[in-house]
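Hi everyone, thanks for making time. I'll walk you through one protein model today, so please have a look at the slide.

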Amino acid sequence: MSDVQLIWPNKNLALRAAGDDGYQWLPSDDPRLLVPLTFDLLTDRPLDSDANVLAIGDGLDVLEMLASRTSVLERGIRLVYVDPPFNTQVNFRQYRDSMKRPMWLSMMRDRLAALRPLLAEDASVWVHLDDSEVHRARAVMDEVFGEEAFVASVVWQKKTTRDSRAAFSSNHDTILVYAPSGPKKWKTSRNLLAKDEAHLQNRDGDPRGPWADAPFTAPGFRKGQQYDIVTPTGLVLRPPRGRSWYATEQTYRDLLGDGRLWFPKGGDGSPRLKLFAHQLRGLVPFTVWGASDTGTNDDAKRHLLTMFPDGEVFDTPKPEALLERIIHIATNPGELVVDIFGGSGTTAAVAHKMRRRWVIAERNMQTVLDFLLPRMQRVVDGSDLGGITETISWTGGGRFEMVNVPPRFGTLSGRSRVGAVKRQLAYQEARSVSSRSSREESHLVAT
Ligand SMILES: C[S@@+](CC[C@H](N)C(=O)[O-])C[C@H]1O[C@@H](n2cnc3c(N)ncnc32)[C@H](O)[C@@H]1O
């Protein structure tokens, strides 16, 4: 453990959910914590190690319940992405974002600490924040996962418009990335980014297709790689000073015979090695992610508006392109993605479309009813045409289970969660049966 730590009042206490959106401090050995959490299964299949799960409840309660009472987390979590309230001291339409700092820090520490033992060996944990708390969160993550688990802090360009009233117009968030196995080991199992093939050209009409090119030289003096190369125009070339040719003379001849070398400047230039699409290694991700690659908050809002044109817009959604990149880097199909601050459900939607397993917890019942549940129903029935749907050719499919996990402390207000969700599930079932049969009918007409 590091000899430098962040301290805050009540740090030694646990922070558990109470009522609709409150919390309660209590000693971590309080006997009330031994009372098992209750839960209501809202769908008809068991919560097993193949299930995708949308849980209504506090993230910590949901993790505790799933880990102790089901086999959902049994195979280990490969990726945690969380986008918690940033503690901006602004209240959004869907949730309050103004906690006292000690409470926010304990809230994060306790949830990250609960995730830690549930992680697979090569897991990574991505925490999305802004400048309000990111520096303190990093100290908390050092404490929970160890300083040596730090991998990167990714700067995401969240908007492209300027706020002319501010001292600085902040247009980025930070995503802290930790891998408990350490960056060196994690690097061997994470995925590279696909290379953009748009820049490949076919300048010599090669039947094998377009290619990129790289210098046919290597740094340093290597005796076996110093020989004469005669260009197509008859110039005799030697490697530049302090460098060698990229390969031995025999390999050079083989490559030349195979049409794998290109001489620029009309045949006068130094040879270049041709690299076809399948030979290009993927790209190591940068730590700065621009809006043109990963979208903005406004892109995410526009996508939600196409799904829910009549409701109020969710205030802080993240774009699917951002989650696609994170999930691509950190997981492979079939692996488990967990987000315990679900919001409008971007993580679940993208994980589902990318054929990963997922578990999402969201505490705010209205957010589940207005956004998360109907969004996931559209993803499954193939009627969400936005986000990454087109780029990854998503047409619908799969399923998910739902569970309600009431908090141990306080009371919940408003109408019955269970009843409201069951009504919406039944409504959706009827809707998808009728859209399935009208699709089948139009298919019959067309054929
Ligand atoms: C910033 S939003 C997440 C937005 C989401 N990434 C998206 O793309 O829509 C944070 C969400 O966390 C929820 N939340 C806050 N505290 C929570 C807790 N303890 N457990 C579960 N959800 C919580 C809030 O209700 C809110 O919907």
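First, some vocabulary: two strands pair if DSSP finds at least two bridges between them. Strands (E, at least two residues) and helices (H or I, at least four) are DSSP runs, numbered from the N terminus.

Before we go on, this is a predicted model: local features need pLDDT of at least 70, side-chain atom pairs count only at pLDDT 80 or more, and totals for chains, interfaces and linings use all residues. Residues are numbered from 1 along each chain as its sequence is written.

Let's start with the small example. β14 and strand β15 (residues 272-276) run antiparallel, joined by two bridges. Within that pair, L261 sits opposite L273 in β15. The open sheet they belong to has three strands, in the order β9-β15-β14, with antiparallel pairing. β9 (211-215) and β14 (261-262) are at the edges with a single partner strand each, so one side of each has no neighbour in the sheet.

Now the other sheet. It is open too, with 10 strands in the order β3-β19-β4-β18-β17-β5-β6-β8-β7-β16, and its pairing is mixed. Which strands stand at the edges? They are β3 (40-41) and β16 (288-289); each has a single partner strand, so one side of each is left without a neighbour in the sheet. Further in, β6 (residues 119-129) runs antiparallel to β8 (residues 172-178), and five bridges join them. One to find on the slide: V127 has L176 in β8 as its bridge partner.

On to a helix. In α8 (residues 297-307), D299, A300, H303 and L304 are buried, meaning that 20 or more other C-beta atoms, placed from the backbone, lie within 10 Å of a residue's own (12 or fewer is exposed, in between is partly exposed). Those four are on the same side of α8, because they cover an arc of only 135 degrees around the axis, going by the directions from the helix axis to the C-beta atoms. Why does that spacing work? An α-helix has 3.6 residues a turn, so residues three or four places apart point the same way.

For contrast, Q5 lies in the segment before β1 (14-18). Q5 is exposed, because it has just 11 other C-beta atoms within 10 Å. Still, 8.8 Å separate its C-alpha atom from that of D142, 137 residues apart along the chain.

Last, the domains: domain 1 is 14-193 + 284-444 and domain 2 is 197-279, with bounds from an automatic or database domain assignment. Their centres, taken over C-alpha atoms, are 48 Å apart.
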